[in-house]
Amino acid sequence: MDYDRSKVLVFGAGNFGSCLADHLADSFHTVYLWSRDEKIVRHFNQYHRNPEFLQDHVFPESITAVGPEFPSESIIRHVDVLLFAIPTEGVRETLTALKPRLDEKNLPLLIFVNKGIEISTHALTLEIIVDTCGPDIAKVAAFISGPSFAKEIVERQPTSVSVASLSKKHAERASQLFHQPWFRCYTGDDPIGVELAGALKNVYAIAAGMSDGLGFENNTRAMLITRGLAEMSRIGTAYGASPLTFLSLAGVGDLFLTCSSSTSRNYTVGYRLGKGEKLDYIIETLGSVAEGVTTAKALRTIISKLDVAAPIATAVYEVLYEGGDVAEKAKLLMNLPPIREIDLPDGAGKPAQQLLKKLELDSVEYETTSS
Ligand SMILES: NC(=O)c1ccc[n+]([C@@H]2O[C@H](COP(=O)([O-])OP(=O)(O)OC[C@H]3O[C@@H](n4cnc5c(N)ncnc54)[C@H](O)[C@@H]3O)[C@@H](O)[C@H]2O)c1
Ligand SMILES: O=P(O)(O)OC[C@H](O)CO
């Protein structure tokens, strides 16, 4: 596979699919952009603009929009890379349609950029890939996640992301494909952690938006980001992901971005809820996907199954799905009993042992609690 000039088929011509098609075409790759919306396909090929998303942007003429029919076997077998930029709820359906069209002996690189958990199965995308395409394809899939608003990428604002795969070679290939002076990629081998981080940060962005919508300011947002990160790491560790992944671009990087900007759709959903709007109306008028809404529901079940404490995610779920009052939930969170701040994995890192020893304070023991 020649990564100087690859042929890429992008599934999904929404904000992010269009943005990444633009990025790759600008790097001289041959790009096909699939949309199931005939109007987008026609308009894109005629005017090199997307009539629904990133409307102000003029795209390179070299991008060919295809659709609305599902891409044919001939185009799928013609490309080197399949890039999936559709919401998580559409991934199973897309991969099921894709599987019979793949050439098993000459597989393309599969890259996923969605950030969510499937609502009916509570599955991560890695699990959906195994279910629909089998483990051999899941082993070589790559996942890209991190602080990356589409609007800022098309403006070529310096951006960095995490790229993870169980296969080092495929993580490096995906990284090489996207890496540019305005777009840095950092590779890693914890796709589950990267996926979870990307999905969970959306739920905490809803919480941060709610807080701002209620009129709270910087202290409260910083508290939500930090305690949200603690919840994310706790859930991720219970899943078997590396706790360090939550300190990456996909973790704290994206959490910080999404919790602190009205560009975020998830933050916006929370903000509008905080202002008293109804969820159905917000979703109807948002014009784009906010994955945190469905992820909050899947996460509620995961939290109970794993038996981990995640009071912020639980409060978000209760507002979204049980008619909970935002201000009431905020009050309840603030009235939880005081707890130890940092949860440490068993046996790890008693804080600053050497210094404590020097100060002869090493015999003082903290009780280990985790909640
Ligand atoms: N927008 C961003 O800045 C950004 C950045 C990073 C990651 N993401 C992630 O990328 C994914 C897509 O986000 P987006 O911003 O492009 O959303 P969007 O709402 O702008 O567009 C989604 C696109 O997917 C299509 N789609 C929806 N369901 C589909 C299905 N079942 N089959 C085929 N196509 C389907 C829609 O028609 C639409 O064109 C999400 O998981 C999001 O979290 C978005
Ligand atoms: O608009 P949001 O909330 O879906 O966030 C977009 C990206 O995930 C930011 O990295």
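**Ligand 2 and its shell**

Modeller: This model is predicted. In it, an oxygen atom of ligand 2 is 2.8 Å from an N or O atom in the side chain of R265.

Colleague: What makes that R265 pair a polar contact?

Modeller: The cut-off is 3.5 Å for a pair of N or O atoms. The R265 pair is 2.8 Å apart, so it counts.

Colleague: Which polar side-chain atom lies 2.6 Å from an oxygen atom of ligand 2?

Modeller: One of S264. The side chain of D254 also has an N or O atom, 2.7 Å from a ligand 2 oxygen. Both values are within 3.5 Å, so these are polar contacts too.

Colleague: How much of ligand 2 does the protein bury?

Modeller: Alone, ligand 2 exposes 310 Å². The protein buries 91% of that. The space ligand 2 takes is the largest pocket.

Colleague: Which elements give two or more residues to the shell?

Modeller: α11 (249-259) and α12 (265-274). The largest share, 3 residues, comes from α11.

Colleague: Why are K115 and F149 listed around ligand 2?

Modeller: The test is a heavy atom within 4 Å. K115 and F149 are among the residues around ligand 2, so each passes.

Colleague: How many residues of the shell are nonpolar, polar and charged?

Modeller: There are 3 nonpolar, 5 polar and 4 charged residues. G146 is in the shell, and Gly counts as polar, so G146 belongs to the polar class.

Colleague: Which domains supply at least three residues each?

Modeller: Domain 1 (7-189) and domain 2 (196-335).

Methods: Residues are numbered from 1 along each chain as its sequence is written. Chains are lettered from A and ligands numbered from 1 in the order in which they are written. This is a predicted model: local features need pLDDT of at least 70, side-chain atom pairs count only at pLDDT 80 or more; totals for chains, interfaces and linings use all residues. Side-chain values use heavy atoms; hydrogens and water are left out. A polar contact is a pair of N or O atoms within 3.5 Å; within protein, one must be able to donate a hydrogen and the other to accept it, and residues adjacent in sequence count only if both atoms are side-chain atoms. Accessible areas come from the Shrake-Rupley method with a 1.4 Å probe; for residues, only the protein chains shown count as cover. On a 1 Å grid over the protein atoms alone, a cavity is a set of points where a 1.4 Å probe fits but cannot get out, and a pocket is an open set with protein on both sides within 12 Å along at least five of seven lines; lining residues have an atom within 4 Å of a point. A molecule sits in a cavity or pocket if more than half of its atoms lie within 2 Å of its grid points. Helices (H or I, at least four residues) and strands (E, at least two) are DSSP runs, numbered from the N terminus. Domain bounds come from an automatic or database domain assignment.
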